[in-house]
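Visitor: I am new to this structure and would like a friendly tour. Could you show it to me, please?

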Amino acid sequence: RDLHSFPTRRSSDLPYRPIVFAADEREEFDHAQGPAFAFLMRRAFGLFVDVAVVGVAFASFAYRWAGADLIVPSLGAALLVLFLSEALTGTSLGKLIVRLHVRRSNGKSAGTARVFWRNAFRSVDVVVVGALVMLATQRRQRIGDKIADTVAGRSPLGPSATLAGVTILAALACGVAAFGDGAHTFGLLQSYARKALFLKGTV
């Protein structure tokens, strides 16, 4: 038979199906965060390593090579390292130790822009509000995570992440002992702590 003799259906007769792009589809991803409070403690410890420990290491090298007590700039440098490491690798020294990785809520790579915005609100999240928001949300997202659509969850390295993080931390400690003035920085922190306790007692 002639092909033109078969009945044809016009596009207007077909049922409507909206066009859905792959980028618009929201994928479910198991971030394997574990119990809420334990997860919160893991994130807090990871942040402590990333900011306090790395900052003290920077301060030790700063005193050794610059002859100045650069505690505050060193903490700023530690925050910069935290941002760069998350943007480039999705994790950081502290997150390696506690087996965490930053990614989008759908499991894809976070990217530099999203990591920038999640870190831009870190000072707000350090306050108790961030912890409360994290415990209240389904994916344990703090305010910066909600804005950037990022989630901190399981590391793809598994137990190897902790081993890698502890190895890097040990190498950093050895570097401070060998090439920095760790003893001076530790004594300086002790003096700051004594002053803080003294001021607290006089208030």
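Visitor: How many salt bridges are there?
Guide: A salt bridge here is a side-chain nitrogen of Lys or Arg within 4 Å of a carboxyl oxygen of Asp or Glu. This is a predicted model, where local features need pLDDT of at least 70 and side-chain atom pairs count only at pLDDT 80 or more, while totals for chains, interfaces and linings use all residues. Residues are numbered from 1 along each chain as its sequence is written, and side-chain values use heavy atoms, with hydrogens and water left out. By this rule, the number of salt bridges is six.

Visitor: Which side chain meets K95 in a salt bridge?
Guide: K95 has a relative accessible area of 8%, so it is buried (buried means under 20%, exposed over 50% and partly exposed in between, with a 1.4 Å probe and protein chains only). Its partner is buried too, at 2% relative accessibility. With N and O 2.6 Å apart, the side chain that meets K95 is that of E86.

Visitor: How many residues apart in sequence are R118 and E86?
Guide: These two form a salt bridge, and their closest N and O atoms are 3.0 Å apart. R118 lies in helix α4 and E86 in helix α2, so their salt bridge ties together separate parts of the chain; helices are DSSP runs (H or I, at least four residues; strands are E, at least two), numbered from the N terminus. Both residues are buried. The separation in sequence is 32 residues.

Visitor: Which helix holds D145, the partner of R118 in another salt bridge?
Guide: The side chains of R118 and D145 meet with N and O 2.8 Å apart. The pair links distant parts of the chain, 27 residues apart, with R118 in helix α4. D145 itself sits at residues 143-148, in helix α7.

Visitor: Which residues do salt bridges with shared partners join into one network?
Guide: E86 is a partner of K95, and E86 also pairs with R118. R118 in turn meets D145. The full network is R43, E86, K95, R118, R122 and D145.

Visitor: What kind of aromatic pair do F83 and F116 form?
Guide: A pair of aromatic rings is described by the distance of the centres and the angle of the planes. Rings of Phe, Tyr and Trp (its six-membered ring) pair if their centres lie within 6.5 Å; planes under 30 degrees apart count as stacked, over 60 as edge-to-face and the rest as tilted. For F83 and F116 the centres are 6.2 Å apart and the planes are at 80°, so the pair is edge-to-face.

Visitor: Which residues do ring pairs link into a cluster?
Guide: F83 lies in helix α2 (residues 71-89) and F116 in helix α4 (residues 111-120), so their pair ties together parts 33 residues apart in sequence. F116 also pairs edge-to-face with W117, at 5.3 Å centre to centre and 75° between the planes. The linked cluster is F83, F116 and W117.

Visitor: Is F83 buried or exposed?
Guide: Its ring partner F116, at 45% relative accessibility, counts as partly exposed, and W117, at 46%, is also partly exposed. F83 has a relative accessibility of 18%, so F83 is buried.

Visitor: Is P35 buried or exposed?
Guide: P35 is placed in the segment before α1 (36-66). P35 and L135 are 100 residues apart in sequence and 10.0 Å apart in space, C-alpha to C-alpha. P35 has 60% relative accessibility, so it counts as exposed.
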